Amino acid sequence: MNRRGLLLPTVVALVAAAALVGVAPAVSSADDCPEASGVIPASALASPVPARACDLPGAVVAAGPLAVRVPLREGESVTAAGSARTGHPATLTVERRSGTVRARIRQPDTGPTPRPRPPVSRMGRAHGQPSDEPAAAPTSAPTEAATVRCGDGAGAWLGTRWNGTYRWTMRPTGVPGYLGAVGPVRDAVRAAANAVDQGHNSCGLAGDLALSQRYSGETVRDAGINADGTCGERDERNVVAFGRLDGGLLALTCLWWSRGRTVESDVRISDAPNMFTLNPAAGCSGSWDLQGTLTHEFGHVFGLGHVSYAEHGELTMSDGLPACTANFRTLGLGDYQTLKGQYGTT
Ligand SMILES: [Zn+2]
């Protein structure tokens, strides 16, 4: 297991109905179509391009490790946000509106002068730097980290929320054998969902967020996410499933939404050997805490975006997550406050 990957290799993909504001530029000819062979680079869609004339619906648009499929329906959009082990977290948005398709890439705002990283022990190295030093031992007493975590109010919002209960199922097929029996794996995933639902935190904040989720049992369905990290078409089912993920991804969350309302969300978790552990305190070496990783993913499910590792590395929604720590099973101040700002409290 390489320890180079410190950035949390997760990707969030969103499918959105574009708000009906403004009028798209008049683009009606196919003269400006991108080269239509295979995957279309997002840079080729920096300006609106006619959707039908260029045969774009269903085409895959990629930017680095991120890829989204142009929605088949007019008025919908797709956003992929995330980071890979090699770093460079970005958000890729593909909008289909007013007869055109447009792609936008956005790097997270790291601010003009990132403050120094808090002095906490971490496993691995950030931003794909060479792993030429021994990893620090896992720490179970991150007092200083917790202080930072409970004093950092940063958060990012993806632009969509669940209006009702997020009801999800999990596919037991595909749970990798190294994790052992399915039961404890499912329990870890459920605990992660509960942590976001109930606003678990170690900052003394009331766990009264007005959002809810419900585990609805097992499913034979797969998540609508391809191994190459592209969100597929939605199928009206919210599925969490293990499966192959390329590009060093730990997990991938896709959101499909319309006018600020999420209508579906799937999560795919990498089944790569020894990627995760259920107990990072027990002889962990280069594996990520499954529960903490899924807490981050369910944060995406409920609409949280990434904050930069460089500035907010102690928050659960940081785009970097160290291996071998269980510190991210709950919410930090900014994670909690962002959800509270969107959902309110009960
Ligand atoms: Zn993420």
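This tour moves through a predicted model, from the whole chain to its core, a helix pair and several loop residues.

**The whole chain**

Begin with the full chain displayed as a cartoon. The chain holds five helices and 15 strands. Of its 346 residues, 49% are buried. Contacts between residues at least 6 apart in sequence are worth displaying next: 69% of them join residues at least 24 apart.

**The nonpolar core**

Select Val61, Leu92, Val189, Val240 and Phe302. These are the residues with the most contacts inside the largest nonpolar core, which has 73 residues. Helix H2, residues 182-197, gives the most to this core, contributing seven residues.

Now centre the view on Leu92. Leaving aside residues up to four places away in sequence, Leu92 is in contact with Ala42, Ala63, Leu66, Val68, Thr79, Ala80, Ala103 and Ile105.

**Helices H2 and H3**

Return to H2 and add helix H3, residues 290-301, to the selection. How far apart are the axes of H2 and H3, and at what angle do they pack? The axes lie 8 Å apart and the angle is about 45°. An angle of about 45° falls outside the ranges for roughly parallel, perpendicular or antiparallel; H2 and H3 are therefore oblique to each other. The crossing of H2 past H3 is right-handed.

To see the contact itself, show side chains on both helices. From H2, select Ala188, Val189, Ala191, Ala192, Ala193, Ala195 and Val196; their partners in H3 are Leu290, Gln291, Leu294, Thr295, Phe298 and Gly299. By class, the residues of this contact are 10 nonpolar, three polar and no charged. Val189, in this contact, is also one of the residues with the most contacts inside the largest core.

**Helix H5 and the loop before it**

Select helix H5, residues 333-343. Its buried residues are Leu333, Gly334, Asp335, Tyr336, Thr338, Leu339 and Gln342. Step just past the end of H5 to Gly344, where phi is positive, at about 75°.

Then go back along the chain to Cys324, in the loop between helix H4 (309-312) and H5. Is Cys324 buried or exposed? Cys324 has 25 other C-beta atoms within 10 Å and therefore counts as buried. Its phi is near 60°, a positive value in a residue other than glycine.

**Asp55**

Another positive phi in a residue other than glycine is found at Asp55, with a value near 55°. Asp55 belongs to the loop between strand E3 (49-50) and strand E4 (60-63). Asp55 is partly exposed, because 13 other C-beta atoms lie within 10 Å.

**Leu72 and Glu236**

Select Leu72, in the loop between strand E5 (66-69) and strand E6 (76-84). Leu72 counts as exposed because it has 10 C-beta neighbours inside 10 Å. Which residues does Leu72 touch, apart from those up to four places away in sequence? They are Pro57, Gly58 and Glu233. Draw a distance from the C-alpha of Leu72 to that of Glu233: the two are 8.5 Å apart in space, with their positions 161 residues apart in sequence.

The last stop is Glu236, in the loop between strand E10 (213-218) and strand E11 (239-243). Glu236 is exposed, since 8 other C-beta atoms lie within 10 Å. Add Trp256 to the view: from C-alpha to C-alpha, Glu236 and Trp256 are 9.6 Å apart in space, and they are 20 residues apart in sequence.

Terms used. Residues numbered from 1 in each chain as written. Predicted model: local features only at pLDDT ≥ 70, side-chain atom pairs only at ≥ 80, totals over all residues. Core = buried A, V, L, I, M, F, W, Y, C linked by C-beta atoms within 7 Å. Buried ≥ 20, exposed ≤ 12 C-beta atoms within 10 Å, placed from the backbone. Helix = DSSP H or I, 4+ residues; strand = E, 2+ residues; numbered from the N terminus. Contact = placed C-beta atoms within 7 Å. Axes fitted to C-alpha atoms, helices over the stretch in contact; angles between N-to-C directions. Parallel < 35°, antiparallel > 145°, perpendicular 65-115°, else oblique. Left-handed = near helix turned anticlockwise from the far one by under 90°. Nonpolar A, V, L, I, M, F, W, Y, C, P; charged D, E, K, R; others polar.
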